[in-house]
Amino acid sequence: MNKAQLVEAIADKLGGRQQAADAVDAVLDAMVRAVVAGDRVSVTGFGSFEKVDRPARYARNPQTGERVRVKKTSVPRFRAGQGFKDLVSGSKKLPKNDVAVKKAPKGSLSGGSSTRTTAKAATKKATAKKATAKKATAKKATTAVKATAAKKTTAKKTTAAAAKKTTTAKKTTAAAAKKATTAKKAVAAKTAPAKKATAKKAPAKKTTARKTTAKKATARKK
């Protein structure tokens, strides 16, 4: 039985293949971590797992017969429990309605590769969703920035147009003022000679009056 077959064997009791795969992965992960840390994992009736240190030693190469030095290392060790031993030896019988070994589905690989593949697929999907969410957020941010920039540009254009209109209005007012001033000057220039002519004519009347007075005076003397 490989890991995939183990998952299939307990899938019915755990409500589905995915739940069974998660349970198997969780149990094995907890046991491996405990043994690596130097703890002893003991399951009553089944056995115990522990870490054993092997000192440095000499061994022989079975092919060449050469003596080889083996470095100090640590290895995991499993010791079967008495209940497990009794069941294997046949001194005890398995209880009825026990978990039956099922064949692994077609396409599943040994050693739990299918579970790993499923986990990888789930991870890829989650990563793809996150990437999609990031892209959507980036698009929204870019759109907001573009909209803000467009609003600012429009506001600047509107302000510039208003400034141009104001400048044009000022120029028009200044031109009208210049025209009015020019017209006033022209009118003043035209009316000035008439006043001078009137002033010049006035002495003529006085001369005529003097002549009339002289004539009257001469007549009286006679």
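These legends accompany several close-up views of one predicted protein model.

Residues are numbered from 1 along each chain as its sequence is written. Because this is a predicted model, local features are given only at pLDDT of at least 70 and side-chain atom pairs only at pLDDT 80 or more, while totals for chains, interfaces and linings use all residues, and side-chain values rest on heavy atoms, with hydrogens and water left out.

**View 1. The whole chain has four helices and five strands.** Helices (H or I, at least four residues) and strands (E, at least two) are DSSP runs, numbered from the N terminus. Following the sequence, you will meet them in the order α-α-β-β-β-β-β-α-α. Of the 222 residues, 11% count as buried; here buried means under 20% relative accessible area, exposed over 50% and partly exposed in between, with a 1.4 Å probe and protein chains only. The accessible surface (Shrake-Rupley method, 1.4 Å probe) comes to about 18600 Å², and carbon and sulfur atoms hold 60% of that area. A contact means heavy atoms within 4.5 Å. Among contacts with a separation of 6 or more, 44% join residues 24 or more positions apart.

**View 2. Helices α1 and α2 share the largest nonpolar core.** A nonpolar core is a set of buried Ala, Val, Leu, Ile, Met, Phe, Trp, Tyr and Cys residues joined through side-chain atoms within 4.5 Å. This one has six residues: Val-7, Ile-10, Ala-11, Ala-20, Ala-21 and Val-24. Both α1 (3–14) and α2 (17–36) supply at least two residues each. Leaving aside neighbours within four places in sequence, Ala-11 is in contact with Gly-16, Arg-17 and Ala-20. As a general note, nonpolar side chains in soluble globular proteins tend to be buried together.

**View 3. Phe-46, Phe-49, Phe-78 and Phe-84 are linked by ring pairs into a cluster.** Rings of Phe, Tyr and Trp (its six-membered ring) pair if their centres lie within 6.5 Å; planes under 30 degrees apart count as stacked, over 60 as edge-to-face and the rest as tilted. The structure holds four aromatic pairs. One of them joins Phe-46 and Phe-49 in a tilted arrangement, at 6.3 Å centre to centre with 35° between the planes. Phe-46 and Phe-78 form a tilted pair too, at 5.4 Å and 45°. Phe-46 sits in the loop between β1 (41–43) and β2 (47–54) and Phe-78 in strand β5 (residues 73–80), so this pair ties together parts that are 32 residues apart in sequence. Phe-46 is partly exposed at 36% relative accessibility, as are Phe-49 at 22% and Phe-78 at 35%.

**View 4. Arg-67 lies over the face of Tyr-58.** The distance to the ring centre is 4.1 Å. For a charge to sit over a ring, NZ of Lys or CZ of Arg must be within 6 Å of the ring centre and within 35 degrees of the ring normal.

**View 5. Asp-39 is found in the loop between α2 and β1.** With a relative accessible area of 44%, Asp-39 is partly exposed. Asp-39 and Glu-50 are eleven residues apart in sequence, and their C-alpha atoms are 6.5 Å apart. Not counting residues up to four places away in sequence, Asp-39 touches Ala-34, Phe-49 and Glu-50.

**View 6. Confidence in helix α4 has the lowest mean among the elements.** The pLDDT is the predictor's confidence in each residue, from 0 to 100. Its mean over the chain is 74, and 50% of the residues reach 70 or more. Helix α4 (residues 113–221) averages 61, whereas α2 has the highest mean, 95. Over residues 194–202 the pLDDT is below 50, and this stretch has zero contacts beyond near neighbours in sequence. Where pLDDT is low, the predicted coordinates should not be read in detail.
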